[in-house]
Structure formats: C-alpha cells, structure tokens
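Biologist: I would like to learn how to read a model like this one. Please take me through it feature by feature.

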Amino acid sequence: MTTHTLPGAPFVAYKHNELFIEGVGLSSLAQQHGTPLFVYSKASMLDALGAYQRGFLGRHAHIHYAMKANSSLGVLQVFAQAGCGFDIVSGGELARVLAAGGQASKVIFSGVGKTRTEMTYALQQYILCFNVESEAEIDVLNEVAASLGQRAPISVRVNPNVDAKTHPYISTGLKDNKFGIAHERALAVYQYAASLSSLDIVGIDCHIGSQITSIEPYLNSVDRVLDLVESIEKAGIPIHHLDFGGGLGINYNGDTPPAADQLWSRLFERLDARGYGQRDIRIEPGRSLVGNAGICITEVLYLKPSDNKNFCIVDAAMNDLPRPAMYQAFHQIIPLQQKQSASMTAYDVVGPICESGDWLGRDRDLSVQAGDHLAVLSAGAYCMAMSSNYNTRARAAEILIDGSQAHVIRSRETITEQIQSEHLI
Ligand code: LLP
C-alpha cells in the first residue's frame, strides 16, 4: 500500500490516494456524518503528550493541558485519562473538566478577569492554584476565600517582558500586554499577597505567548522567572512550583518549532545550572498537544471563476475556522481523494459567510469540482473552541479516531438547539 504521511501531521496520511486518520478513511466518514466535520486522532494527541513526558523523565514536572485550545469533552477525556491536569480560564472550563472526568485538584485557573462567582466555584472544588494577574484580583480573591473560610492557593503571573516573536494578538509576555504583573513589581506584590490572611502562596507563573517556534524566548523567560524566585525566596516567601505556561508552536506551513522533549532538555539544562532542576515544574501547553491532531473536512459547493481570481466556495467558514480571518493564519488545504495527473488551478478557498474576511486559504493550487471534499489541516487547536454561530450556522460535528474506531464526540448542532435560549418579546 502506498502511504504518504503529511509533514507536521504524523497520523494523517494518504493510503491509495485517499486521506486517512489512523485506520479510518475520511471520505466515508464525510458521507456518513456530513460536513463541515472535525476529525481528531487520539494517537496524535498522545504522541504529542509523549514528547513532553519524555522531556520530563526523572523530573518533578506536570502537564496542565490549556483546554482553551480545544475544550470538547471527548478531547478532555483523552488528557484526563492520560493523567494530565488542566489550565482553565473560566468557570465554564472547570465545569467541562469535571464533566470529562478530570480532577479539580489538578486544575490551574489562569486569566485576567476572574469573577467572584468563578472564584467561589473554583474554591468550592478545591482547585490546585489560581494564577493571579493583578493586585485588584488578589484583594478580591482574598475576600472571597475569607468568606468561605478557606485559603486560596495562588501563583502570581509575572510578565517577564520577553519577546516571543509571534503574532501580536497571541504575544502575551511584553510590557504593553494586559497580562501578568510587571517583573519590577513582582517582589512587592508577593510581599503584599503574603501579608493577606486568606491566601497561600504556592508558586510563580509566566506565559509569554503562543505559536513560539524557537527556544530562545523560553530560555529568556526561565532566566527572568528564576531571578524573581531567588529574590522572593530571599525575602522569606517559599515558592513551591514554577509554572512556565504554554506556547510551543506547531508546523502549519513549514514552521520548525523544537520538539517538546528537545525544548525541555534545553530548559532543564538551564534550570539545573541554576539549581532549580529538581523543583516542582508545571506547564500549560495547548496548541502543541492538539493542533496537528485535528482536521476539518469541508465540501466544495461551487467553483466561481472571475477575471482576477477563482473562488472555491466550500461549506466550512470563518465561524468554524476563524484563524485565517483573525490572524491571517495559514492552514494547509488538501483533497480527501488525490487525483492522478490532474491539472491545478489557483483558488481562494472561501466560506458562505457574508464577509470578505471569510476565507480559509488564498491562492491554493487545487484540482477540484463541486461535490469534492477538502481537508483543512492543523485544525485541532483554536478552531472548534473559537467557533461561533455567526450567520446562524450550526456548530460542526466532531469525531475522535482511535485506531480503526470513529467516535462521535459532538453531534452536529441543530437549529432548535441554537434558538432554544432565546425569547420573543
Ligand atoms: N496558558 C495561558 C495563560 C494562555 O493564555 C495560553 C494561550 C496557553 C497557556 C496555551 O498556549 P498554547 O500552548 O496553546 O500556545 N487563538 C490563538 C491562540 C491564543 C492563545 C491564548 N493563550 C490562535 O489561534 O493562534
């Protein structure tokens, strides 16, 4: 059998010219479940997780999957069963963790705008830690914990002011970003937090951005954080865990991020050199665990040639795959059935939504006709999780492949579900 694996997506491959994920052919899946359809590979998720686990051998390091990347219950279940904790940014995400069988005791709560209701819920579930991002939040959390007769475990998210060299919308560790507490002020904030009666300081946290493709920004932030740990501990405040956030990039279009084990071997060298290699380390990866484990299958509805451009109009749109519209992001688009010696035409692949920003790929060489299926690759992260009902489009269905088994982990949304919480006046 001729098998052709795609770069960056090791469990997505052509077999006899048909695209497969693990042991399942995608054409029949599209026929059976309709499109747009997200399909994920469980083996790919576990493979990505395995790279981190290899990098953590012999260390006290823990993975908290940043579920904002893909919070579908079936995906969370894979990571919960593999022993992961979770990084959450809302009370809703905590409810999802619990619904998927995850443990609250392995949950880290990040985000700049936690509400009192969310804090209360998280305290009642006894989560591992709140990553606090401002003095105002520290005061409110202290108050909420006191009212429950509890002490809230906290890390301060520090802003190391390092450039992650990524898209400005997903860069978070620079001074002008809304995230974290400035490096220069961190010690004073730790001293203030230590003076409050309903907080327990358990760690320190940073996260500098997303889709990071080199090691240097991480080395810089490790150094900056360790400088702080030194001064905070010197001031008599012990730091139990060190959380270095997420951010490792994936291969969308020839990108060459380091493998997770390679990255962590370099970071542990630095931690060892500074005497912190046997500390409790926490990380919050999202994209690198799920991004290349998923694709979105879409059907070609119409071909529309024009003087300057040819449009390939498909049934997936910016409500399903918002990254191109939001960040001008590149996702590979390939046919489900490879055609032999077919002639190619350059198309802009666009969705049905009434906006010119509704495009999935520009100038893509394809040999297609109406009724063909295409796969949008690297769609496991920040696609379904960021999807919307714009234009009253239903959210797509999702399938998780495990070997030769295809599990429906989300049914296609119905119009009844879409309008059920609305009321006529
Ligand atoms: N921890 C915190 C505090 C975060 O804000 C994020 C992502 C992560 C962890 C996980 O980062 P990752 O490992 O996935 O890079 N929607 C954008 C990405 C937004 C990332 C937001 N924060 C995109 O589609 O590129």
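Modeller: Start with burial: buried residues make up 54% of the 425 residues in the protein. Buried means under 20% relative accessible area, exposed means over 50%, and partly exposed lies in between, with a 1.4 Å probe and protein chains only. This is a predicted model, in which local features need pLDDT of at least 70 and side-chain atom pairs count only at pLDDT 80 or more, while totals for chains, interfaces and linings use all residues. Residues are numbered from 1 along each chain as its sequence is written, and side-chain values use heavy atoms, with hydrogens and water left out.

Biologist: What radius of gyration does the protein have, and what would a compact globule have?

Modeller: The radius is taken over C-alpha atoms, and the globule rule is 2.2 Å times the number of residues to the power 0.38. For 425 residues the rule gives a value near 22 Å, so the 23 Å of the protein agrees with a compact globule. Along the principal axes, the C-alpha atoms fill a box of roughly 70 × 60 × 40 Å.

Biologist: How many helices and strands are there?

Modeller: Helices (H or I, at least four residues) and strands (E, at least two) are DSSP runs, numbered from the N terminus. The protein has twelve helices and 22 strands.

Biologist: What share of the contacts joins residues 24 or more positions apart?

Modeller: Contact means heavy atoms within 4.5 Å. Among contacts with a separation of 6 or more, 68% are between residues 24 or more positions apart. Valine 39, in strand 5, gives a case. The C-alpha atoms of valine 39 and alanine 397 are 8.6 Å apart, with their positions 358 residues apart along the chain. Beyond its neighbours within four places in sequence, valine 39 is in contact with residues including Ile21, Leu29, Ile295 and Ile401.

Biologist: Why does valine 39 count as buried?

Modeller: Valine 39 counts as buried because its relative accessible area is 0%.

Biologist: How do I read strand pairing, and in which sense do strand 2 and strand 3 pair?

Modeller: Two strands pair if DSSP finds at least two bridges between them. Strand 2 (residues 9-15) and strand 3 (residues 18-21) have four bridges and pair in the antiparallel sense. Lysine 15 stands opposite glutamate 18 in strand 3. These two strands form a hairpin with two residues between them, where histidine 16 takes a positive phi near 50 degrees.

Biologist: Which residue has a positive phi in the turn between strand 21 and strand 22?

Modeller: That residue is glycine 403, with a phi of about 70 degrees, in a hairpin that has two residues between its strands. Strand 21 and strand 22 (residues 405-410) run antiparallel and are joined by five bridges. One bridge pairs aspartate 402 with glutamine 405 in strand 22.

Biologist: Do strand 8 and strand 9 pair in the parallel or the antiparallel sense?

Modeller: Strand 8 (residues 107-109) pairs with strand 9 in the parallel sense, over two bridges. Isoleucine 108 has cysteine 129 of strand 9 as its bridge partner. From strand 9 (residues 129-132), Cys129 and Asn131 point one way and Phe130 and Val132 the other way, and all are buried.

Biologist: What should I look for in loops, for instance around alanine 381?

Modeller: Check burial and contacts there too. Alanine 381 lies in the loop between strand 20 (373-376) and strand 21 (397-402), and counts as buried because its relative accessibility is 0%. Outside its neighbours within four places in sequence, alanine 381 is in contact with Ala69, Arg287, Val290, Gly291 and Arg323.

Biologist: Which residues in that loop have a positive phi without being glycine?

Modeller: Tyrosine 382 is one of them, with phi near 55 degrees. At a relative accessible area of 15%, tyrosine 382 is buried. Threonine 392, with a phi of about 50 degrees, is another, and its place is in the loop between strand 20 and strand 21.

Biologist: Where is a cis peptide bond found?

Modeller: A cis peptide bond joins threonine 35 and proline 36, with omega about -5 degrees. Proline 36 is in the loop between helix 1 (26-33) and strand 5 (37-41).
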